Amino acid sequence: MNDKTKFLIKKIALYTFLFTIVAWIVVPIIVSTLYAFSSKLDYYNMNMVVPVHYTTKWVRTILFTLGAWQGIKNSIAVATMTILISFSLGIPAGYSIAKFIFPGRDAVKLSIIALRMFPIPVMAIPLVVLYIRLHLIDTLFGVALAHTAMALPFVVLITSSIFAGVSKELEEAAMVFGLDRFRSFLKITLPLALPGLAAAAMFTFVMSWNEVFIASILTLRNRTLPAQILSIMAGASGGAAPPYYKFAAAFIMTLPAMLFIFFARKYLVTMWGITLK
């Protein structure tokens, strides 16, 4: 077997692998989108793969009749608060880890990663008891605090990698010209790191948007979209929602996250480019 044949086989194998990964992700999205708007007759027609008659009834029912629209607003509020709290704590921590050498820095990094090693279901009952005592149960702010605990380790690690990619000589030059460290951070480091921070914000938003377990156990009336969808699917028709409602719910859940990723893709590339330096 010559080198040209080996190269061709490797190329075919690579394209096959990439096609499989893309199909694994894209096909469920296409199917859920088609059947979210499919008419009931087309859905139950065994001889029809792609529906030809469409309706918005299932999506409108979940959004406006069953309360998913309020869940969307709650999810946006919780995700926004999660970003604000995570960045208020994570940016100073990430900057300190990236720019300063201090005793125990590696231990701090390890402890940050260790925060993600405890399974959330194990902490569910103590968390609910704590929230009841603090009067945070069934509040959006309480859910945002819980999501912050999940997102903060990633925010610290990502921001520290981003700040490490910004040359400290630029800050030193700014301080030579009269700026203190805080103002040099605001005027020099922060603008250079802004694309990566925007990508980290998108990552935090999507993580908060998709989280369902914590939102389900900490809320009853003020539920986020995933918790609301779970409640709708469990409570419809005696615990078994019709399949076309499930497809509509999947479409409602995936569309916002896809839109965020679409608009943030250039920032994601920038973030990973800075991280790899």
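I start with the angle classes: angles under 35 degrees count as roughly parallel, over 145 as roughly antiparallel, 65 to 115 as roughly perpendicular, and the rest as oblique.

**Ground rules.** This is a predicted model, where local features need pLDDT of at least 70, side-chain atom pairs count only at pLDDT 80 or more, and totals for chains, interfaces and linings use all residues. Residues are numbered from 1 along each chain as its sequence is written, and side-chain values use heavy atoms, with hydrogens and water left out.

**H8 and H9.** I looked up helix H8 (residues 168–176) and helix H9 (residues 181–210); helices are DSSP runs of H or I with at least four residues, numbered from the N terminus. Their axes come within 9 Å and cross at roughly 140° (lines fitted to C-alpha atoms over the stretch in contact, angles from 0 to 180 degrees between N-to-C directions). H8 and H9 are therefore oblique to each other. From H8, Leu170, Glu171, Ala174 and Met175 make the contact (heavy atoms within 4.5 Å). Their partners in H9 are Arg181, Ser184, Phe185, Ile188, Thr189 and Leu192.

**H3 and H4.** Next I checked helix H3 (residues 57–65) against helix H4 (residues 68–99): the axes come within 4 Å and cross at roughly 65°. Here Ile62, Leu63 and Phe64 of H3 meet Ala68, Trp69 and Ile72 of H4.

**Confidence.** I noted an average pLDDT of 84 for the protein, with 92% of the residues scoring at least 70 (pLDDT is the predictor's confidence in each residue, from 0 to 100). Helix H12 (residues 243–275) has the lowest mean among the elements, 74, and helix H10 (residues 213–218) the highest, 92. A reminder to myself: where pLDDT is low, the predicted coordinates should not be read in detail.

How values were computed:
Helix = DSSP H or I, 4+ residues; strand = E, 2+ residues; numbered from the N terminus.
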